[in-house]
Amino acid sequence: MKLFPAIDLRGGRVVRLTEGDYDRMTVYGDDPAATADGFRGAGAECLHVVDLDGALEGDAVNFSVVEKIVNECGLFVEVGGGIRSEERIERYLAVGAKRVIIGTIAVEKPDFALKMIKKYGEAVAVGVDARDGKVAIHGWKTVTDKDAFEFCEFLRDAGADCVIYTDISRDGTLSGANLSAYERLARLDGLKVIASGGVTRTEEIRSLAAMGLYGAIVGKAVYTGALDLREALTAAKEGICSQNA
């Protein structure tokens with residue numbers, strides 16, 4: 001299983017939110033590129049970057065910061081936050097991002113999203129952010145009546161390659177991942193699922209890998225020291241070994 005340490009950006013700084021609440025934000029650094037370099041030094045091969053300002057405003061607010069991270073870190077970088085046009089998808093891919101994540105636009109304009117998925121293939125993923133089982137959009141500020149699991153199933157059937165599923169209630173809380181949700185999502189054959197939200201312990205990472213999930217995102221647990229990134233990377237590999245044993 002691939003492990004994606006996360007860098008969330010607000011005002012060009014590395015931050016983490018609690019349960020998606022912009023008023024409950026902790027700043028962890030002023031140099032995102034240096035943070036990414038530290039992750040690489042610990043053995044990471046992948047990186048998850050989110051422009052939180054972009055998610056709120058629908059614009060690439062921290063584009064130059066993301067570009068610097070991509071150019072300097074040497075990692076497989078996936079990026080999301082406010083990506084709601086083909087022009088923005090192309091801009092991020094042009095500077096070297098390997099995967100671009102669309103979220104709000106996939107809910108509000110599914111025809112456009114499916115067109116992008118068909119055109120760009122595995123270079124476009126969909127972020128499905130769930131609160132109480134319903135899809136949330138616009139930087140998690142608006143909760144729709146759309147069932148999150150059914151939306152993932154719809155995306156799979158429509159040809160989506162990858163979904164990043166975030167349980168907002170767990171995100172930034174150090175309370176553990178919603179394993180039951182990922183057990184259900186793991187049964188969607190043909191869809192790569194990346195788990196996000198509350199991943200805190202190496203045992204959870206092994207469990208997610210053993211389910212056959214494609215990836216998992218780690219954030220606050222790494223920043224606070226609750227989770228050692230080197231150990232987490234090893235656990236992701238051990239879970240695969242256990243699954244194949």
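**Exercise 1. Where is the place of D132?**

Solution. The model is predicted.
Step 1. Locate the residue: D132 sits in the loop between β7 (124-131) and β8 (134-137).
Step 2. Read the backbone. D132 has a positive phi of about 55 degrees, although it is not a glycine.
Step 3. Classify the accessibility. Exposed means over 50% relative accessible area. D132 has 73% relative accessibility, so it counts as exposed.

**Exercise 2. Place W140 and decide: is W140 buried or exposed?**

Solution.
Step 1. W140 lies in the loop between β8 and β9 (142-147).
Step 2. Its phi is positive, about 75 degrees, and W140 is not a glycine either.
Step 3. Apply the cut-off: buried means under 20% relative accessible area. W140 has a relative accessible area of 19%, so it is buried.

**Exercise 3. Describe the surroundings of strand β4 (residues 46-51).**

Solution.
Step 1. Count the buried residues. Six of the six residues of β4 are buried, so the strand is largely enclosed by the rest of the structure.
Step 2. Split β4 by face. One side carries C46, H48 and V50. The other side carries L47, V49 and D51. Both faces are covered.
Step 3. Find one strand partner. Strand β1 (residues 2-10) pairs with β4 in the parallel sense, over four bridges. Within this pairing, I7 has V49 of β4 as its bridge partner.
Step 4. Find another partner. Strand β5 (residues 76-80) and β4 also pair in the parallel sense, over five bridges. Here V50 has G80 of β5 as its bridge partner.

**Exercise 4. Characterise A36 by its element, accessibility and contacts.**

Solution.
Step 1. A36 belongs to helix α1 (residues 32-41).
Step 2. Its relative accessibility is 0%, so A36 counts as buried.
Step 3. List the contacts, leaving aside neighbours within four places in sequence. A36 then touches I7, L47, I69, C73 and L75. I7 is the residue whose bridge partner in β4 is V49. L47 is among the buried residues of β4.
Step 4. Check a sequence-distant pair. A36 and A186 are 150 residues apart in sequence. Their C-alpha atoms lie 29 Å apart in space.

**Exercise 5. Work out how α1 packs with helix α3 (residues 63-73).**

Solution.
Step 1. Choose the descriptors. Two packed helices are described by the angle between their axes and the distance between the axes.
Step 2. Give the values. α1 and α3 pack at an angle of about 30 degrees, and their axes are 9 Å apart.
Step 3. Assign the hand: this crossing is right-handed.
Step 4. Name the residues. α1 contributes P32, A33, A36 and R40. α3 contributes V65, K68, I69, E72 and C73.
Step 5. Sort the contact residues by class. Six are nonpolar, none is polar and three are charged.

**Exercise 6. Repeat the analysis for helix α4 (residues 86-94) and helix α6 (residues 110-120).**

Solution.
Step 1. The angle between α4 and α6 is about 30 degrees, with axes 11 Å apart.
Step 2. The crossing of α4 and α6 is right-handed.
Step 3. On the α4 side, the contact uses E86, I89, E90 and L93. On the α6 side, the contact uses F112, M116, K119 and Y120.
Step 4. Sort this contact of α4 with α6. It holds five nonpolar, no polar and three charged residues.

Definitions and conventions
Residues are numbered from 1 along each chain as its sequence is written. This is a predicted model: local features need pLDDT of at least 70, side-chain atom pairs count only at pLDDT 80 or more; totals for chains, interfaces and linings use all residues. Side-chain values use heavy atoms; hydrogens and water are left out. Axes are lines fitted to C-alpha atoms, for helices over the stretch in contact, and angles run from 0 to 180 degrees between N-to-C directions. Helices (H or I, at least four residues) and strands (E, at least two) are DSSP runs, numbered from the N terminus. A crossing is left-handed if the near helix is turned anticlockwise from the far one by less than a right angle, and right-handed if clockwise. Contact means heavy atoms within 4.5 Å. Ala, Val, Leu, Ile, Met, Phe, Trp, Tyr, Cys and Pro count as nonpolar, Asp, Glu, Lys and Arg as charged, and the others, Gly among them, as polar. Buried means under 20% relative accessible area, exposed over 50%, partly exposed in between (1.4 Å probe, protein chains only). Two strands pair if DSSP finds at least two bridges between them.
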